[in-house]
Amino acid sequence: MATSGQLMFARRLGPPARLLIWLAIGVSCLVVDVRYHALDGVRNGFSALLLPVREMMRTPLDVAAELGGFFTRHRLLQNERDTLLAERARLAVGVNAAHELGRENAELRALLKLQTRPGQQLVHAALLYQGHDWFAQRITLDQGSGAGLRSGLPVVDASGLVGQVSRVDAGSSEVTLVSSPEQLTPVFVERTGQRGLAAGSGRDQLELRYMPIHADIRPGDRLLTSGIDRVYPAGVPVARVSRVSRSQSSPYLRVEGVPLAGLDRSHAVLVLVAVPPPVQPTPPQATPTKATPP
Amino acid sequence: MSTAPQAGGGWPRILTSLTLALLLEQLPWSGWALVVRPDFVLVGVLFWVLHQPARIGFGTAFFVGLLADFQYGAVFGQHAIAYVIGVYMVLFVRLRLLQFDPLRQAAQLFPILFAVQLIVLLVGWLAVKPPTGLTILLPVLSNTVLWLLIAGWLRLWHGKGSQDRA
């Protein structure tokens, strides 16, 4: 017999009921996150929780790389050192010229009473994790707001633009790659100076949008950031044009490009932190920042 | 219940296996390995739902789904919803699954895992790029009404109570 306080036919909710409850919770999570961005605390919590784990799981590979590096041949290292020294000498000349040009530019700007360009500070970051998502190509870096990162900052590697910081936690940050779908980058063609808008198309490719049909553009042309949006500094290599074709139905050329940066290969990247911070875009946002709705 | 080890699921074993799955996913995968990498955590959760439904269920799946959302930089709830639906589907066919040998179990799980991935896609699509309106769903209603009209009219036409006995 059932004693008082104990249900006679107590049973758990059936799976459909429980499914509905959890679905309701899930949908409310979605709404709260998408509409009100109120779950950043949870994200930070997970980040703090998982960061040490990720660091730890990276060690086997790091150790393997260390061991591999330890056994490289002496001759190889010497050769590499010689090429690096030669390259450094060559670069030093360029840097001197650039300093001189920079000084001259600053003077001219002062004379013309133009606004000075924001200076830059570099933050080194390492690739921590490569996500895979249906809708965006993102990587996670091991530096976060602690190192002065903000969302919207450009990320480059030795050969070109990698992407844009899209979300920042305390100890890590997410970067949306240039090739991510709908990531827009204002660029210009290096050879002709014609400006355009590069949009990621996924699959490690870019697409140069709205190029008039008679535009002078050929496979092999380099695309550099135009700096017109004040998000990316001008002159960072973005992509190399791989194919130019013309379609009957569209008034524009179809221009495809391959990103220059090693988007998923480069393990060390630089984040360009502008000091002082550039003008924040007004609520109808500038093009690259609206590219990834959170 | 030929092959399925029904016993052998104490809390320590469950927690160890799920933690291991979680750790495996934290490895810095890249390139092809990333593309073909299985979703260890999802497989782990579904396995324990199959064998220990009293211990591992919707709650665990939901939490683990939130972790996956964080990990993939997705909207919170995207994977959680999909995992929860996956758990429901496994519970739905659980008794049948337990009868099968591993090969058939895997074959039966394929559509479930496929559905989970599709739901991730669908939820993400609704959340990230919401459609301009849900009016595209209205034809579902009108289709139903049309069905009612046709079926009713046919029944009237052929006389009351006439039924297809093919």
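How many residues of chain A are in contact with how many residues of chain B? The points below take up this question and others.

1. This is a predicted model, in which local features need pLDDT of at least 70 and side-chain atom pairs count only at pLDDT 80 or more, while totals for chains, interfaces and linings use all residues. Residues are numbered from 1 along each chain as its sequence is written, and chains are lettered from A and ligands numbered from 1 in the order in which they are written.

2. Between the chains, 34 residues of chain A are in contact with 29 residues of chain B, contact being counted where C-beta atoms, placed from the backbone, lie within 7 Å. On the side of chain A that touches chain B, at least two residues each come from α1 (15–36), α2 (40–70) and β1 (119–130) of chain A, and α1(A) gives the largest share, with 12 residues. Helices (H or I, at least four residues) and strands (E, at least two) are DSSP runs, numbered from the N terminus.

3. Chain A has 4 helices and 12 strands, and among them α2(A) deserves a separate look. For its 31 residues, at 1.5 Å a residue, a span of 45 Å is expected, which agrees with the 42 Å between its end C-alpha atoms; the expected span is 1.5 Å times one less than the number of residues. The helix α2(A) bends by about 35° at L50(A), with the proline P52(A) following within four residues, where the bend is the angle between axes fitted to the seven residues ending at a residue and the seven starting there.

4. The buried residues of α2(A) are S47(A), L50(A) and R54(A), and their cover includes β1 of chain A together with α1 (11–26) of chain B. A residue is buried if 20 or more other C-beta atoms lie within 10 Å of its own; 28% of the 294 residues of chain A count as buried.

5. The largest nonpolar core, a set of buried Ala, Val, Leu, Ile, Met, Phe, Trp, Tyr and Cys residues joined through C-beta atoms within 7 Å, has 41 residues, and V155(A), L161(A) and V238(A) are among those with the most contacts inside it. Apart from this core lies another, of 39 residues, including F62(B) and V116(B).

6. Chain A averages a pLDDT (the predictor's confidence in each residue, from 0 to 100) of 81, with 87% of the residues scoring at least 70. Over residues 284–294 of chain A, however, pLDDT stays under 50. Where pLDDT is low, the predicted coordinates should not be read in detail.

Notes:
A residue is buried if 20 or more other C-beta atoms lie within 10 Å of its own, exposed if 12 or fewer, and partly exposed in between; C-beta atoms are placed from the backbone. Two residues are in contact if their C-beta atoms, placed from the backbone, lie within 7 Å.
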